[in-house]
Amino acid sequence: MYGMVNEGIRTFILDNHGPEAWQSICETAGLEELEFERMSSYDDAITYKLVGAICSFTGLPASDVLSIFGKYWVEYAGASHFGNLMRLAGNSFIEQLKGLDDMHDRILLSMPHLKPPSFEVDQKDDGSCILHYYSDRDGLAPMVIGLLHGLAKETGESIEVNQVAVKSEQADHDIFEIRILDTALKPMRTEAGI
Ligand code: HEM
């Protein structure tokens, strides 16, 4: 994964547990460097090792660590210059969800080794939607749940997410059902973005 993701994990730990915790997590993960180049691509194993070391440090299962980090990531990455790409798709959760593939494709222009996820959104008549999540990687479905809650928080909405199918030898992707509990609470921006 790009260093930006590992830096997001580092910032999250520094904000919540401090520099000694980060040092100890890096030691457990067997890493020599305590910082990452945001725009360089690193072996995925580093990110998975960091998650494992955070599990040992906090006593939380990997699914909780991934989900908590996913929610944090949207705020963290949204504050970077890439955040505007996410907001380009529209003001609502659904619009931004539908724009995720375009957003990751645009990021690919600056990060050529990116292996972005891919999403398909099927909206249902009752306002809920089915989300198909495709990835080259395994085990990140809990992070997607956190990411979705983080996205809803950004648009001032509140959602319920249930995973309804799990990627396995028989199924090539994960599937989620999403219900929107509260529609946009934030004031809508005008065309001029004011
Ligand atoms: C401004 C906001 C965002 C930025 C800048 C961003 C950027 C990135 C970057 C750099 C990666 C690492 C991929 C790699 O190194 O190969 C990544 C991965 C990922 N992103 Fe985003 N992202 C954003 C928001 C979101 C949101 C809102 C979602 C979903 C709701 C999402 C879903 C994912 C997933 C699931 C991965 C893991 C890769 C995989 O599944 O294989 N991202 N993103």
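The following questions and answers concern a predicted model and its core, domains and ligand site. Local features require pLDDT of at least 70 and side-chain atom pairs count only at pLDDT 80 or more, whereas totals for chains, interfaces and linings use all residues. Residues are numbered from 1 along each chain as its sequence is written, and side-chain values use heavy atoms, with hydrogens and water left out.

Q: Which helix gives the largest share of the largest nonpolar core?
A: A nonpolar core is a set of buried Ala, Val, Leu, Ile, Met, Phe, Trp, Tyr and Cys residues joined through side-chain atoms within 4.5 Å; buried means under 20% relative accessible area, exposed over 50% and partly exposed in between (1.4 Å probe, protein chains only). The largest such core has 54 residues, and Trp22, Leu50, Trp73, Phe93, Leu97, Leu148 and Ile178 touch the most other members. Helices (H or I, at least four residues) and strands (E, at least two) are DSSP runs numbered from the N terminus. The largest share of this core, eight residues, comes from helix α4 (residues 62-78).

Q: Why does this core lie between domain 1 and domain 2?
A: Domain bounds come from an automatic or database domain assignment, which divides the protein into domain 1 (3-59) and domain 2 (91-182). The core lies between them because residues are given to it by both domain 1 and domain 2.

Q: How many residues of domain 2 are in contact with domain 1?
A: The centres of the two domains, taken over C-alpha atoms, are separated by 24 Å. With contact defined as heavy atoms within 4.5 Å, six residues of domain 1 meet residues of domain 2 numbering seven.

Q: Which side chain has an N or O atom 2.6 Å from an oxygen atom of the ligand?
A: The ligand is surrounded by 26 residues (a heavy atom within 4 Å), the closest being Tyr2, His104, Tyr133, Ser135 and Arg137. A polar side-chain atom of His104 is 3.1 Å from a ligand nitrogen atom, and a backbone N or O atom of Lys115 is 2.9 Å from a ligand oxygen atom. The side chain at 2.6 Å belongs to Ser135.

Q: What is the relative accessible area of Pro117?
A: Pro117 occupies the loop between α7 (100-110) and β1 (118-123). Beyond its neighbours within four places in sequence, Pro117 is in contact with Asp101, His104, Tyr133 and Tyr134. Pro117 is partly exposed, because its relative accessible area is 22%.

Definitions and conventions
A polar contact is a pair of N or O atoms within 3.5 Å; within protein, one must be able to donate a hydrogen and the other to accept it, and residues adjacent in sequence count only if both atoms are side-chain atoms.
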